[in-house]
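Hi,

Here is the structure I promised to pass on. My notes follow below it.

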Amino acid sequence: SIAGSEDSVVVIGLGRFGGAVAESLMRLGHEVLGVDSNAERVQKWADRLTHVVQADSTDIDALKQLGLKHVQHAVVGIGSDIEASVLTVLALEEIGVDDIWAKATGLRHGQILERIGAHHVVHPEAAMGERVAHLVTGKMMDFMEFEDGFAIAKTTAPEESLDMTLSESNLRQKYGITVVGVKRRHADFIYAQADTYIEPGDILVISGPTKLVETFANLV
Ligand code: ADP
């Protein structure tokens, strides 16, 4: 049993989301117990995770038998079957798992999961949709927002910052964002400093309040 070993994670529901989570956790060096009620899914993941078990996760006794009381984290990747998702989170909560993560397919689903004891609810489709919207409509090449309205983005250097140093273009004063790093073609990424010289084609990694990051990334 992987139960009790340091940083063991149970991933319940090995669909696209759960499978991706489980695979990444393995790559990061964690012990991963995969659980799915579907025999083909179990078969598919059998050789790729520390352990894979076929079980119905809505059955609290089945979960108890797996020793889930002692795992550090649980990730519930069941999405389309909301009843199964809810009953699984409830069972994990009753068993006393300390850190329960669950995928929600919609806002109300997410609210239910929070009410019944999920410690973290993720909305992968909504989050990715928002991110893609930023990439499609703006000049951003990458975008990530934190919970507190703070964002990091990758964008091309605007015209007004070219052929001068960062202190000369004074972007922080003018736009309220901070240039964190600069990537020039065929060169390594460098941390931005006051005397960093910006050339046409340079890519900037910027951070700041989301609204200001959006405004800055749309400058030409
Ligand atoms: P995705 O969109 O990420 O593929 P799905 O909701 O389609 O998510 O997949 C969920 C996975 O969870 C499937 O592999 C399914 O067999 C599994 N699953 C659904 N209900 C249960 C359950 N009660 N117990 C265990 N696994 C389940």
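The ligand is surrounded by 21 residues, where a residue counts as near a molecule or strand if its C-beta atom, placed from the backbone, lies within 6 Å of it. The closest are Gly 13, Gly 15, Phe 17, Asn 38 and Gly 79. Please keep in mind that this is a predicted model: local features need pLDDT of at least 70, side-chain atom pairs count only at pLDDT 80 or more, and totals for chains, interfaces and linings use all residues. Residues are numbered from 1 along each chain as its sequence is written.

By type, the shell around the ligand holds six nonpolar, ten polar and five charged residues (Ala, Val, Leu, Ile, Met, Phe, Trp, Tyr, Cys and Pro count as nonpolar, Asp, Glu, Lys and Arg as charged, and the others, Gly among them, as polar). Helix H1 (16–27) and strand E2 (31–36) each supply at least two residues of this shell, and H1 gives the most, with three. Helices (H or I, at least four residues) and strands (E, at least two) are DSSP runs, numbered from the N terminus.

Next, helix H4 (residues 82–95). Its 14 residues reach 20 Å from the first C-alpha to the last, close to the 20 Å expected at 1.5 Å a residue (the expected span is 1.5 Å times one less than the number of residues). Ser 85, Val 86, Thr 88, Val 89, Ala 91 and Leu 92 of H4 are buried, meaning that 20 or more other C-beta atoms lie within 10 Å of a residue's own, with C-beta atoms placed from the backbone. The buried residues of H4 pack against strand E1 (8–12), helix H3 (60–65), strand E4 (73–76), strand E5 (100–103) and helix H5 (107–115); contact here means C-beta atoms, placed from the backbone, within 7 Å. Just after H4, Gly 96 takes a positive phi of about 100 degrees.

E5 is covered on both faces, with Ile 100 and Ala 102 buried on one side and Trp 101 and Lys 103 on the other. E4 and E5 pair in the parallel sense over three bridges (strands pair if DSSP finds at least two bridges between them), and Val 75 has Trp 101 in E5 as its bridge partner.

Finally, there is an open sheet of five strands, ordered E7-E8-E13-E10-E11, with antiparallel pairing. Strands E7 (140–145) and E11 (190–191) each have a single partner strand, so one side of each is left without a neighbour in the sheet.

Best wishes

How values were computed
Buried ≥ 20, exposed ≤ 12 C-beta atoms within 10 Å, placed from the backbone. Contact = placed C-beta atoms within 7 Å.
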